[in-house]
Amino acid sequence: IPGTTSAGILAPGYVDDLQPWIDAVVAIVNPCMGGTGFSAKNLVALDHGIPLITTTRGAKGLHLPSTGANPVLIADDMDTFADAIVELHRNQDRWQEASDTMTEHARRQFTRREIRGDLAE
């Protein structure tokens, strides 16, 4: 609900300038449970190297690796979401690792060449 605050979480609704909000966030949280396509929230995280916490469904289209470090924290239930948010908020090293991994993943997977290949399929 736009304009509400609860437990330190602010839901401002529409804002004219997104940059101050991006500079202040710990993570992008995308609790996607349905729908199709690629979420704009995911694009913001990819573009700015912000750690992303989403569901398995919300990670659709991110081309996540099957092995190695996952650039996205997957949370398919409320407790896992809460744990991931708290972990990133309290642990600067974990936040930096998640940010670096997200940035590297975006650089590798979302080049013009990769996107052209996806569109061709």
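**Figure 1. Helix 4, from end to end.** In this predicted model, helix 4 has 18 residues, and its first and last C-alpha atoms lie 25 Å apart, close to the 26 Å expected at 1.5 Å a residue. Take a look at the residues that are tucked away: W95, A98, S99, T101, M102, H105 and A106 are buried in helix 4. Viewed down the axis of helix 4, these buried residues fall within an arc of 165°, so they line one face of the helix. An α-helix has 3.6 residues a turn, so residues three or four places apart point the same way. Turn to the face away from the buried side of helix 4, and you meet the exposed residues Q92, D93 and R107. As for partners, the buried residues of helix 4 pack against helix 2 (40-48), strand 4, strand 5 and helix 3.

**Figure 2. H105, a buried residue of helix 4.** This view zooms in on H105, which is found in helix 4. H105 has a relative accessible area of 1%, and it counts as buried because the cut-off for that is under 20%. What does H105 touch, not counting residues up to four places away in sequence? The list is L46, L62, H63, L64, P65, P71 and F110.

**Figure 3. R94 and its contacts.** R94 also has its place in helix 4. Leaving out residues up to four places away in sequence, R94 touches L73, E87 and L88. One of these, L88, is among the buried residues of helix 3. For a sense of how the chain folds back, compare R94 with P51: they are 43 residues apart in sequence, while their C-alpha atoms are 9.7 Å apart in space.

**Figure 4. The open sheet and the helix that packs on it.** Here you see an open sheet of three strands in the order 3-4-5, with parallel pairing. Strand 3 (28-30) and strand 5 (72-74) are the edge strands, each pairing on one side only. From one strand to the next, the twist averages 20°. Helix 3 (residues 78-90) packs on the sheet and touches strand 3, strand 4 and strand 5; the direction of helix 3 makes about 170° with that of strand 4. Strands of a sheet pair through backbone hydrogen bonds, either parallel or antiparallel. Between strand 4 (residues 52-54) and strand 5, which run parallel, there are three bridges. To find your way along this pair, start at L52, which stands opposite V72 in strand 5.

**Figure 5. Helix 3, its buried side and its exposed face.** At 1.5 Å a residue, the 13 residues of helix 3 should span 18 Å, and its end C-alpha atoms are indeed 18 Å apart. Which residues of helix 3 are buried? They are F81, A84 and L88. These residues cover an arc of only 65° around the axis, which puts them on the same side of helix 3. Their cover includes strand 3, strand 4, strand 5 and helix 4 (92-109). On the face of helix 3 turned away from that buried side, the exposed residues are M78, D79, D83, H89 and R90.

**Figure 6. F81 of helix 3 beside N30 of strand 3.** The last close-up brings together two residues that touch. F81 is found in helix 3, and N30 is found in strand 3. Is F81 buried or exposed? At 10% relative accessibility, F81 counts as buried. N30 is buried too, with a relative accessible area of 4%. Setting aside residues up to four places away in sequence, F81 touches V29, N30, P31, I53, T54, T55 and A75. With its neighbours within four places in sequence left aside, N30 is in contact with S39, K41, N42, L52, I53, T54, T55, G58 and F81. T55 appears among the contacts of F81 and among those of N30. Along the chain, F81 and T55 are 26 residues apart, and their C-alpha atoms are separated by 8.8 Å.

Terms used. Residues are numbered from 1 along each chain as its sequence is written. This is a predicted model: local features need pLDDT of at least 70, side-chain atom pairs count only at pLDDT 80 or more; totals for chains, interfaces and linings use all residues. Side-chain values use heavy atoms; hydrogens and water are left out. Two strands pair if DSSP finds at least two bridges between them. Helices (H or I, at least four residues) and strands (E, at least two) are DSSP runs, numbered from the N terminus. Axes are lines fitted to C-alpha atoms, for helices over the stretch in contact, and angles run from 0 to 180 degrees between N-to-C directions. Contact means heavy atoms within 4.5 Å. The expected span of a helix is 1.5 Å times one less than its number of residues. Buried means under 20% relative accessible area, exposed over 50%, partly exposed in between (1.4 Å probe, protein chains only). The arc is that of the directions from the helix axis to the C-beta atoms.
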